[in-house]
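Work through the exercises below with the sequence and the model open. Try each task before reading its solution.

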Amino acid sequence: MYGRKLEDRTVAFGHEGVLYRGSFVMYDRKTKSLWIHTTGECVKGELKGRRLTSVPSQVATWGEWKKKYPHTLVLDRRKRRGFMGTFGISKKTARRYGISVGPGPSPKLYPVVELLKLPVVMDRVGGEDLVIFFDPESLHATAWLRGKRTFGWKDGKIVDDEGGVWDRMTGRRIGKVGEAARLEPRSATAWLIARWRGFHPKSPVWKAPEEKAPEGQPEERPEK
């Protein structure tokens with residue numbers, strides 16, 4: 001997801017109807033410049049080299065989303081048919097997918113099969129101390145700016161160093177209110193690993209520690 005504001009203009013997009021490295025191409029209606037939807041970068045035309053600002057978002061099942069946000073609105077549109085197919089991570093296809101964290105040209109990839117080994121990961125990406133919360137059931141993940149907090153995985157729950165329990169989808173500490181009980185979101189996007197490597201061949205890929213840290217005390221890995 002991207003913001004459409006580009007300096008002093010709001011950009012409107014359409015679908016060009018072609019693929020680039022397996023990613024569909026957008027055009028902006030004013031200059032007809034071409035943009036890659038998976039990176040937010042303009043690759044041809046008057047605005048070549050410009051990049052849209054990534055807006056943190058998340059993938060969730062309708063059931064878990066409705067539970068957290070019962071009054072949410074839904075964009076109702078007909079499902080398009082054709083070659084695009086349906087996106088969905090399952091236990092059978094998990095090896096093919098990863099979670100890309102961090103905006104810009106050098107994100108970091110967290111393979112789903114590695115996150116299954118360690119559902120809460122503290123890491124440093126793009127100069128920021130982040131935590132990735134992963135749900136082993138839905139296979140979805142979120143990323144948050146963690147500051148000085150430390151997190152772990154205990155009894156199937158996300159916990160901090162004070163024993164507080166946190167919600168994966170909202171980034172909030174359960175039972176607490178205020179800014180101190182809420183994390184700031186960062187981009188975490190599900191990708192097909194093969195397609196991600198095509199766009200980011202030199203970007204780092206995270207791997208779970210060979211020896212798992214004690215429960216509730218995940219090992220922090222420095223940025224590569």
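**Exercise 1. Count the aromatic pairs, then classify the pair Y110 and W206.**

Solution. The model is a predicted one. Ring pairs in it come to six. For Y110 and W206, start with the distance: the centres are 5.6 Å apart. Next take the angle: the planes differ by 35 degrees. Stacked requires under 30 degrees and edge-to-face over 60. The pair Y110 and W206 is therefore tilted, as its angle falls under neither heading.

Now place the two residues. Y110 sits in strand β8, residues 108-111. W206 sits in the segment after α3 (193-199). The two are 96 residues apart, so this pair links distant parts of the chain. Both Y110 and W206 are buried.

**Exercise 2. Classify the pair F151 and W166, and say which elements it ties together.**

Solution. The ring centres of F151 and W166 are 5.3 Å apart. Their planes stand at 80 degrees, so the pair is edge-to-face. F151 belongs to strand β12 (residues 151-154). W166 belongs to strand β14 (residues 165-166). The pair therefore ties together parts that are 15 residues apart in sequence.

Check burial against the cut-off of under 20%. F151 has a relative accessible area of 2%, so F151 is buried. W166 has 4%, so W166 is buried. Finally, look for further ring contacts: ring pairs link F133, F151 and W166 into a cluster.

**Exercise 3. Describe the second largest pocket: its volume, its lining and the elements that supply it.**

Solution. Begin with volume: about 270 Å³ for the second largest pocket. Then list the lining, which has 16 residues. Nearest the pocket centre lie D135, G156, I158, D167 and R168.

Sort the lining by element. Those giving two or more residues are α1 (62-68), β13 (157-160) and β14. The largest share, three residues, comes from α1. Sort the lining by class: eight residues are nonpolar, one is polar and seven are charged.

**Exercise 4. How many salt bridges are there, and how exposed are the partners in E7–R50, E114–K117 and E184–R186?**

Solution. The salt bridges number twelve. Take E7 and R50: their side chains meet at 3.1 Å, N to O. E7 is in the loop between β1 (5-6) and β2 (9-10). R50 is in the loop between β6 (41-44) and α1. The bridge therefore ties together parts that are 43 residues apart in sequence.

Exposed means over 50% relative accessible area, and partly exposed lies between that and the buried range. E7 reaches 65%, so E7 is exposed. R50 reaches 28%, so R50 is partly exposed.

Next, E114 and K117 form a salt bridge at 3.4 Å, N to O. E114 has 9%, so E114 is buried. K117 has 46%, so K117 is partly exposed. Follow the links outward: E114, K117 and K207 are joined in a network of salt bridges.

Last, E184 and R186. Their closest N and O atoms are 3.0 Å apart. E184 has 44%, so E184 is partly exposed. R186 has 18%, so R186 is buried.

Note on methods:
Residues numbered from 1 in each chain as written. Predicted model: local features only at pLDDT ≥ 70, side-chain atom pairs only at ≥ 80, totals over all residues. Heavy atoms only, no water. Phe/Tyr/Trp six-rings, centres within 6.5 Å; stacked < 30°, edge-to-face > 60°. Helix = DSSP H or I, 4+ residues; strand = E, 2+ residues; numbered from the N terminus. Buried < 20%, exposed > 50% of the residue type's maximum accessible area, 1.4 Å probe, protein only. 1 Å grid on protein atoms, 1.4 Å probe; cavity = no way out; pocket = protein on both sides within 12 Å on 5 of 7 lines; lining within 4 Å. Points joined across faces, edges and corners; volume = space filled by probe spheres on them. Nonpolar A, V, L, I, M, F, W, Y, C, P; charged D, E, K, R; others polar. Salt bridge = Lys/Arg side-chain N within 4 Å of Asp/Glu carboxyl O.
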